[in-house]
Amino acid sequence: MNTQQQNKIIYSWYGKPTNSDRKLRTLQYKGIIIKSERSRTEKCIQLGNFVLIEGENADQPFVAQLLDFYEDGAQQKHAVVQWFSHITEIPQNKRKLLKREVSPQEVFFDQVSGYDNDIAVETIIESVLVIPLHPKEELPITLNKEKIFYVKQSWDGKCFKALSTDTFSKLKDANKKGDGIPNSLNSFVPLDIISSMKKETKKVVRSVMKTKNVEVEIESKHSASKSSLSKERYSQRVANGTKTPTARKKLQLNSPTKFPKSKLLDCDVLELLDDDCDTIVMLEPSAAKRKVKFTGILGSPPKIPCADDDSNSVGDAAEHRQRFSDTIRLSPYSNVQKSNEKAKNLNIKDDTMCLTGLQELGSLSPVVTPRSRRACAQKTSARIAQQISLLNMIDSSQEEDFLSSSDGLYSSSSEEEDNNVLCTPEKKTKAGRIFSTPKSSRKPSVHTPAKTLKKTPLPGTPKTPRNATPEIPRRSHAAQKPASMLEEARLRLHVSAIPKSLPCREEEFQDIYNFVESKLIDGTGGCMYISGVPGTGKTATVHEVIRCLQQAAENDDVPAFEFIEINGMKLTDPHQAYVQILELLTGQKVTATHAATLLAKLFCTPGPKRKTTVLIVDELDLLWTRKQNVMYNLFDWPTQKHSKLIILAIANTMDLPERIMMNRVASRLGLTRMSFQPYTYKQLQQIISSRLNSVKAFEEDAIQLVSRKVAALSGDARRCLDICRRATEICEFASQKSAPEIVRMAHVTEAIDEMFSSPYINAIRNASLHEQIFLKAILAEFRRAGVEEATVQQVYHQHISLCRMEGMQSPTVSEIMAICSRLGACRLLLVESSNKYLHMRVRLNISQDDVMYALKDE
Amino acid sequence: MSKRKSKESISTNGECISQVQKLLRERLCHHYATGKLFGTEHQYRHLLELLKRTTVHGESNSALIIGPRGSGKTALLNHVLKDLMEIKQVRENLLEVRLNGLLQTNDKVALKEITRQLRLENVVGDKVFGSFAENLAFLLEALRTGNRTSSCPVLFILDEFDLFVHHKNQTLLYNLFDISQSAQTPVTVIGLTCRQDILELLEKRVKSRFSHRQIYVINSFDFKQYVRIFKEQLSLPAEFPDETFAQKWNNNVQHLSVDKTVQDVLQNLFHYTKDLRSLHLLLMLAVSNVTVHHPLITASDLQEASKQYRMDSKANIVHGLSVLEICLIIAMKHLNDVYEGEPFNFQMVYNEFQKFIQRKAHCMYNFEKPVVMKAFEHLLQLELVKPIERPSVRTQREYLLMKLLLDNNQIMDALQVYPNCPTDVKQWATSSLSWL
């Protein structure tokens, strides 16, 4: 047996190799044993079993069926799987095709091609049950929601189909086979076996209270252990080798390990609901006993009137629990405190209620964006809040905002507590079912009350969302619509106006489009380097390509992809690139080094199914570091086999790879290069005309003049548009009294002069007399000494003699120093720091001829 | 009887005078509050149109106001803003963010300040002053969420714009200009700077995103206008309570403006600098002389003020030196003449001084070397001489190389007015060869 240890979880083959392939040097097995050292459990997973697979996000595991196990020549353990898609993995726009609400427990038989079905064994979390159902069949009601999934239809990336009889029977067979094999080999946790055995019985609606209690207990233990287990697993993987407990702790803080978000949470909620009901049922007889308990607990909430203490006691534990009690109060359960005899009756009601709740939750789940990285508990509460709103017609959006608002650190710590709240109640239920309050007092009492206070919104008081997307206030008056033709033209000529098409960049567009499209279809990765001087439409073209591809992806012409963008100028530090990429990809917010490891893991491990990512790196040159590791990593990931990463890097200089990159970085960047030439005057002309479209605001010659001027200077389209915009203003200004006219040559010339004329000559002409004499003195001194540099003292002597010639009062040294520093501040002169006083050296910042020319005209 | 009358007039005068003082001082000290612009009508209109379009149409823009110090850049901007705020639609539609390159010395500080001035910190609670990276992302996100038609325009005023250019990577400028060139929250970035070469300092990407609107503010008025400005600055307004006094005062100002000496004073100042601040300073000195017994400004007041204003600071220091120290300075002057401005050390100065003492011993007491050294160090402290290299442990103080920070003209002028200067010393100053 082959053992590989990874953070105390040992994966070993079950049994002897069944088959070996000499050519490929693979050994096939029929099962695997996952042994966790810490909890001393062993699980055996066999071929045909259904399992949860780690996803990009720890809270979104994938469901898959195992088809094959093998070990390759490098002794890596692999598994071949058949994927099942959860509803959240299906694109938003395709979900409509279903025309029905989907329970979070339902999965779809995945027939989408392009997902890698070869995975590493280490990504398997545990086994689950997937039961095939006929399309018409309703989902059975079960308790063990997180471990059972149902499949009704298949999904091939375009439409949903009913399961073929073949696959249906296969799945059914697999299930039977799976059931036949003992799920756990370890006698330490017999509960696990019980739970798996009870699965079938659970489908039956519970009628007898005693059995139900037992069930709940089992399942709660189970779910508690499960969620904590998976959480642990995730953090372990994240740590990847760092075994010190502190390190793990830190990591957990950084990346809130939220576990099975949609599926599990709902279940937890329902279990809680169930639980509460049980509590309620048990309450009446044990009321006295409970009171004693309450008073005994330090820091627990003050005594609560017995009448509704089920809700209150629950509610004090944590805010979401209060929400619960609210639900309960609002729901038909308000009559819970009736009497013992009705318990049975109520129980049934409970279940129906759970069901409706479940459906509602299910329908809500797609709304939750995978981005919002809330702790699971908070998410739950958010959903419950939504549910309340459904029941109660309260505007829930505000609350949701508010709920999703605590910052990362806080939420991660609170999440653990909340998890406790979620999980522990079930654990404790057996002990006389003495409810939830003790839990809250068990926790650090400083923390909980504060939190409860903070989080419980007072009815009627609008809360400011603490982390809602920041926004600039709205304007109080509507923006005016352009009134005249010139205003309309100005609006169209603004750089920010996005034209319908990008003229003059068709070739480049096609090249980039083809590159990205081919990589998308192949499902591989690659880099492209795009260079060009500023204002030549690099970023605009790339964005246009992405827009077109997104359109194509919607029409199913190319596989769906994820698009993210970073800009070197918008980062404070090159290493922040990791943080931004990770946040855009998964919504996690972590430190730079941690983000780097997470991204490396994401792109370098043979990941389970993942969409291709298109990453635009704008202003690449700013990601330069001494070791160049940011650039290295960025360009290294696409070369990895499973990365599915396409990088479009944009920068100004054509020879950037040769100039600043080390060989190993430049080599990874590859030779797919593209350079955007500066626009020629014809292209600029076309750009302006296409933007103006039908608005006749410019003379043809005027446009040509602008284009020729700019093309000769820089070929920067932004400059061109700015000049035109300014020309419309000048035109408007000139023709204020007379009838509005179109922009003519004169206006354009004025605008160009305004923008490009050198300010120095004008500055000299408008300087004061002594400042001009000082400049003359400098020229004289330069001519005398033959060096283009002089000290103030020398210039001062020249200045005095010039003043004498002109018959003027000569200035004092202090005045000369002031004149010198004034000219220096305008940068007509370049001066040294002034602490050298008379010995300060002075140089001209413009040519002597310019100074002479400026002074001669006087 | 007459005494009482004069007393009465004094008391009424006293009130008037204090009011005049208050009015004029306010006008001269807060230059921008005067509400008068001189010779910048064109720039005023350009800027007004620009800002109006930002607020009314939500058009993003960027512009630089460039002009030498004291040319009224800030005054122009404040004037435009004041007039803009009178339009209701603008007043309720504009967020203003003022940054100063001298205060916001790096992008991190600047970002915090922007967040604070936009009042976004309450949105984030305790998170706002997180890391620099977070702040930047936060602010960009905030600005990105807006669009042209619905968001409130933001006006960024960057005073001492040239200092922002030296921030790392010019991140702040890039992002501000980038927003102004993309379909996000409408922003207008106005930079104020005195550097004419500002565009050359911008990085090429930043430069490309800047709209190249430059508004040059230059004092282009001639002397006639200068005199008119002088008159306007000193005149009392029509709404001044005591009309007769105001009349008298204004008449006096009118007389002053045609007075020959006043014209000379103004001409000198005008030739020296066109900066209106220096005029204000001059008038301030004159206005402070106005008292109950001296109720009107006279030409001599202005002349006195001008003299005070044009004082040479270094030469002033020389007046307060002892004879020994003057002698040392004269010795240094001779050394400078002989060696054509090469640096000297204490020993050389001491030798030169000794030569003088030996010839004219009768008028000067022969000081001990340490005493002379002490005097020399005093000059060093006054920064009349300056070592050309840092004093180190190795070189002895006597041999440290120095340079004199005074010009010959300054020394001779100072000697002319130096009280009780021995004749020998004066002679020695005029010629180093006189001892022969």
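**Group meeting talk: chains A and B**

Hi everyone. Let's start with B:His46: setting aside its neighbours within four places in sequence, this residue is in contact with A:Arg726, A:Glu729, A:Glu754, B:Arg213 and B:Ile215. Please keep in mind throughout that this is a predicted model.

So where does B:His46 sit? It lies in helix α2 of chain B, which covers residues 41–57. Is the residue buried or exposed? Its relative accessible area is 9%, and because buried means under 20%, B:His46 counts as buried.

That contact list takes in residues of chain A, which leads us to the interface. How many residues take part? On the chain A side there are 83, and they are in contact with 92 residues of chain B. Together the two chains bury about 7700 Å², with 50% of that on carbon and sulfur atoms. Three residues to look for on your screen are A:Ile472, A:Arg475 and A:Met569: they supply 10% of the area that chain A buries against chain B, more than any other three residues.

Now for the polar side of this interface. The rule finds 8 salt bridges between chain A and chain B. One to pick out is B:Glu59 with A:Arg725, where the closest N and O atoms are 2.8 Å apart. For polar contacts, the count across the interface is 34 residue pairs, with both residues at pLDDT 80 or more. Which elements of chain A give two or more residues to the side that touches chain B? The list is α16 (485–493), α19 (576–586), α26 (717–734), α27 (745–756), α28 (759–765), α29 (769–785), α30 (792–806) and α31.

Let's follow that last helix, α31 of chain A, into a sheet. Helix α31 spans residues 813–825 and lies across β21 and β22 of chain A, running at about 110° to β21(A). The sheet here is open and has 3 strands, in the order β20-β22-β21, with antiparallel pairing. Why do two of these strands have a side without a neighbour in the sheet? β20 (790–791) and β21 (829–831) stand at the edges, each with a single partner strand, so one side of each is left free of a neighbour there. In the antiparallel pair of β20(A) and β22(A), the latter being residues 841–844, there are 2 bridges. If you want a landmark for that pair, A:Thr791 stands opposite A:Arg841.

Staying in this part of chain A, have a look at A:Tyr837, in the loop between β21 and β22. Its phi is positive, about 55°, although the residue is not a glycine. Most residues other than glycine have a negative phi. A:Tyr837 is also buried, with a relative accessible area of 11%.

Chain B has a residue to set beside that one. B:Glu383 also has a positive phi without being a glycine, near 60°. You'll find B:Glu383 in the loop between α20 (369–381) and β6 (385–387) of chain B. How accessible is B:Glu383? Its relative accessible area is 43%, which makes it partly exposed.

Back to chain A for another sheet. This open sheet has 5 strands in the order β16-β17-β18-β15-β19, with parallel pairing. β16 (561–567) and β19 (673–676) stand at its edges with a single partner strand each, so each has one side without a neighbour in the sheet. On average, neighbouring strands are turned by 15° against each other, direction ignored. The parallel pair of β15 (residues 526–532) and β19 is held to by 4 bridges in the model, and A:Gly532 has A:Phe676 in β19(A) as its bridge partner.

What packs on this sheet? Helix α17 of chain A, residues 506–522, lies across β15, β16, β17 (612–618), β18 (645–651) and β19, at about 155° to β18(A). Helix α21 of chain A, residues 629–636, packs on the sheet too, touching β15, β17 and β18, with its direction at about 135° to that of β18(A).

One last stop, in chain B: B:Met412, found in helix α21 of that chain, residues 408–417. With 22% relative accessibility, B:Met412 counts as partly exposed. Apart from neighbours within four places in sequence, its contacts are B:Lys333, B:Ala429 and B:Thr430. The C-alpha atoms of B:Met412 and B:Lys426 are 8.9 Å apart, with their positions 14 residues apart along the chain.

That's my tour. Thanks for listening!

Key. Residues are numbered from 1 along each chain as its sequence is written. Chains are lettered from A and ligands numbered from 1 in the order in which they are written. This is a predicted model: local features need pLDDT of at least 70, side-chain atom pairs count only at pLDDT 80 or more; totals for chains, interfaces and linings use all residues. Side-chain values use heavy atoms; hydrogens and water are left out. Buried means under 20% relative accessible area, exposed over 50%, partly exposed in between (1.4 Å probe, protein chains only). Contact means heavy atoms within 4.5 Å. Two strands pair if DSSP finds at least two bridges between them. Axes are lines fitted to C-alpha atoms, for helices over the stretch in contact, and angles run from 0 to 180 degrees between N-to-C directions. Buried area is the accessible area (1.4 Å probe) that two parts lose on being put together, summed over both. A salt bridge is a side-chain nitrogen of Lys or Arg within 4 Å of a carboxyl oxygen of Asp or Glu. A polar contact is a pair of N or O atoms within 3.5 Å; within protein, one must be able to donate a hydrogen and the other to accept it, and residues adjacent in sequence count only if both atoms are side-chain atoms.
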